[in-house]
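Dear colleague,

I am handing over a structure that will be new to you, and below it you will find a short account of what turned up in it. Please read the notes with the structure open beside you.

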Amino acid sequence: PKTMTTRFFPVYPWDKSSLKSMPVDLEQFKKLDDYALKVNVKNSVEELVKALLKQARTDLEKVRAIWMWICHHIEYDVVGYHNKSQLSSKPRDVLQMGKSICEGYAELFEHMCSLAGIQCKKLSGHAKGHGYKTGQTFTGDSDHAWNAVYLEGRWHLLDSTWGSGSVDDSFTKFTYRYNEFYFLTHPALFINNHFPDNSNWQLLKPTLTLKEFENNMLHNSNFYMLGLLATHPETPIIQTVNGKASVSVECRSSTLFMFKLKGAEEQGLMTLEKHGMKLDIYPQKTGSHKLEIFAKPSRAEASDDIYKCVVEYVVECESVDKAMRFPKDLHQPVGPSWFSERQGFLRPSHREPVLHTNDGRCSFTFTLSKDISVLTSLHTDGSSLAEDMGRRHVLQIQRRNQVELKVHLPHAGSFVLKIYSKKKSDPGNYDYIFNYLIKCLNTEVKWPAFPKSYSKWLQDYEILEPLSGLLPANRNVQFRLKMHGIAKVLVQAENTYPLTQNKGVWEGTCSTSGCREVFVMVHENANHSFYSHVLRYEVETQ
């Protein structure tokens with residue numbers, strides 16, 4: 001092979017978004033990749049390279065064919081890793097065995113390149129790979145090996161061990177899972193988890209120190225493959241301040257996120273933004289907690305439809321903010337977002353995820369961009385709201401394409417308002433869309449539920465009064481109801497009271513004496529002899 005040139009070029013002039021250190025068109029590699037995968041030569045490295053090069057013209061194509069073959073034919077030797085003395089990293093042995101550890105991958109790669117007439121170097125150093133603990137220091141000998149190849153006048157980095165797949169947590173099983181990211185990775189991204197013994201091989205100006213490498217945030221390949229741009233804070237270990245820690249992620253296009261604190265999606269409040277997400281964490285125990293953040297594209301292909309871990313933090317909590325215990329029904333993300341907009345909920349009256357009410361009442365409005373039916377429910381910890389009652393503490397009013405949700409809380413505390421919808425034309429179930437957190441500290445609050453409504457009560461009907469589903473005993477109560485397409489309305493208590501229509505509003509009074517419940521009934525057609533129930537009120541017991 002030609003003599004090694006170790007001339008380093010100043011800053012590599014690449015756009016980080018391409019992820020690679022030279023322009024690479026993966027579509028154009030398709031035929032070559034397919035060919036390389038099918039090559040099945042195991043008797044000698046020379047024969048294997050000869051076969052691979054049949055379809056490769058340029059140096060880049062030669063490197064690609066070698067890379068593709070190794071990533072799909074050599075598996076990581078989990079047994080050998082635990083017993084290195086028995087292990088050979090000689091290219092011939094690696095080929096014969098079909099497995100190796102990083103050392104063997106890198107030596108095979110180097111040897112195959114030299115046979116193909118391409119300059120290639122085996123590099124060693126520290127890697128934030130398997131078993132890496134957030135924030136750890138690196139001491140002693142290097143623990144990983146990878147390669148640099150010389151193409152089109154400069155050096156480029158690749159790691160065929162990490163390109164081939166991954167090892168499970170217990171380090172007992174290897175799974176082939178090809179990873180494009182580690183082929184000619186941009187040096188500014190490669191340094192994220194590879195620290196070479198010789199800092200020149202970072203291919204960066206200025207180079208990083210080991211200390212900087214240790215303290216830097218680990219963004220794994222998923223982070224870049226999903227088009228994420230940055231995380232804040234940029235340090236992997238975060239201290240809580242007054243029991244709270246905040247994290248945010250920036251991205252280019254709408255991306256869905258989730259998180260786990262100590263393995264569970266709780267003790268946090270996450271909001272989705274157009275270009276990323278914000279997360280406030282309130283650990284309910286002191287100590288060190290692992291925080292993982294996951295992401296997936298919003299319009300995922302079926303194959304991409306799983307959340308992948310993109311970044312990990314350690315949250316060190318010195319004091320707990322007990323007031324920030326969230327109800328277990330709270331669903332992440334909280335509050336409205338581009339996602340709820342996409343589902344048809346535009347112009348929310350409340351953009352924030354948390355709403356504080358002093359008198360226990362609040363109201364949310366949206367403009368609906370689609371022809372959808374809306375369903376809501378209110379939840380809190382404990383048994384004070386059974387499912388049916390959770391529905392009845394929210395009153396929904398639809399005026400053309402506007403929907404208003406009036407909430408009357410049964411008592412002080414933290415509540416979750418869940419919002420569901422479905423296409424009006426769909427017979428099926430409602431889909432969950434988003435939720436709000438409602439907080440009320442006023443212990444005097446004690447609102448009764450709204451009246452129970454039946455199927456004949458239409459979405460665009462409106463109760464003007466009485467809003468409370470619990471009527472006072474022995475009183476004359478004023479009724480005002482907005483309903484259309486109705487011939488006659490009766491209120492049935494101990495006696496029956498007709499309402500009269502005035503500009504689309506049915507009005508009248510009814511006495512609650514001598515009865516436990518009051519029904520509103522309608523005649524849909526003057527010729528019908530039967531009434532349909534539309535509302536039911538209860539009457540206070542004396």
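**Glycine 163 and its surroundings**

Leaving aside residues up to four places away in sequence, glycine 163 touches Trp67, Cys71, Arg177, Tyr178, Asn179 and Tyr182. Please keep in mind throughout that this is a predicted model. Glycine 163 lies in helix 7, which covers residues 160-164, and because its relative accessibility is 0%, where under 20% is the cut-off, glycine 163 counts as buried. One of the residues in this group deserves a second look: cysteine 71 is 92 residues away from glycine 163 in sequence, yet their C-alpha atoms are 5.8 Å apart in space.

**Helix 3 and its two partners**

Trp67, which touches glycine 163, also appears in the contact that helix 3 makes with helix 6. Helix 3 (residues 59-73) packs with helix 6 (residues 102-115) at an angle of about 150°, their axes being 10 Å apart. Since angles over 145 degrees count as roughly antiparallel, that makes helix 3 roughly antiparallel to helix 6, and helix 3 passes helix 6 in a right-handed crossing. On the side of helix 3 the contact is made by Val63, Ile66, Trp67 and Ile70, and on the side of helix 6 by Tyr105, Leu108, Phe109, Met112 and Cys113. Sorted by class, the residues of this contact are 9 nonpolar, with no polar and no charged ones.

The other partner is helix 2 (residues 45-53), whose axis comes within 9 Å of that of helix 3 and crosses it at roughly 120°. That angle makes helix 2 oblique to helix 3, and here too the crossing, of helix 2 past helix 3, is right-handed. Leu48, Leu52 and Leu53 of helix 2 meet Lys62, Ala65, Ile66 and Trp69 of helix 3; by class, this contact holds 6 nonpolar residues, no polar ones and 1 charged residue. Ile66 is named in the contact with helix 2 and again in the contact with helix 6.

**Strand 21**

Is strand 21 enclosed by the rest of the structure or open to the outside, and how many of its residues are buried? Of the 8 residues of strand 21 (residues 372-379), 6 are buried, so the strand is largely enclosed by the rest of the structure. Strand 21 runs antiparallel to strand 24 (residues 413-423), and 8 bridges join the two. Within this pairing, valine 374 stands opposite serine 421 of strand 24.

With best wishes

How values were computed:
Residues are numbered from 1 along each chain as its sequence is written. This is a predicted model: local features need pLDDT of at least 70, side-chain atom pairs count only at pLDDT 80 or more; totals for chains, interfaces and linings use all residues. Side-chain values use heavy atoms; hydrogens and water are left out. Axes are lines fitted to C-alpha atoms, for helices over the stretch in contact, and angles run from 0 to 180 degrees between N-to-C directions. Helices (H or I, at least four residues) and strands (E, at least two) are DSSP runs, numbered from the N terminus. Angles under 35 degrees count as roughly parallel, over 145 as roughly antiparallel, 65 to 115 as roughly perpendicular and the rest as oblique. A crossing is left-handed if the near helix is turned anticlockwise from the far one by less than a right angle, and right-handed if clockwise. Contact means heavy atoms within 4.5 Å. Ala, Val, Leu, Ile, Met, Phe, Trp, Tyr, Cys and Pro count as nonpolar, Asp, Glu, Lys and Arg as charged, and the others, Gly among them, as polar. Buried means under 20% relative accessible area, exposed over 50%, partly exposed in between (1.4 Å probe, protein chains only). Two strands pair if DSSP finds at least two bridges between them.
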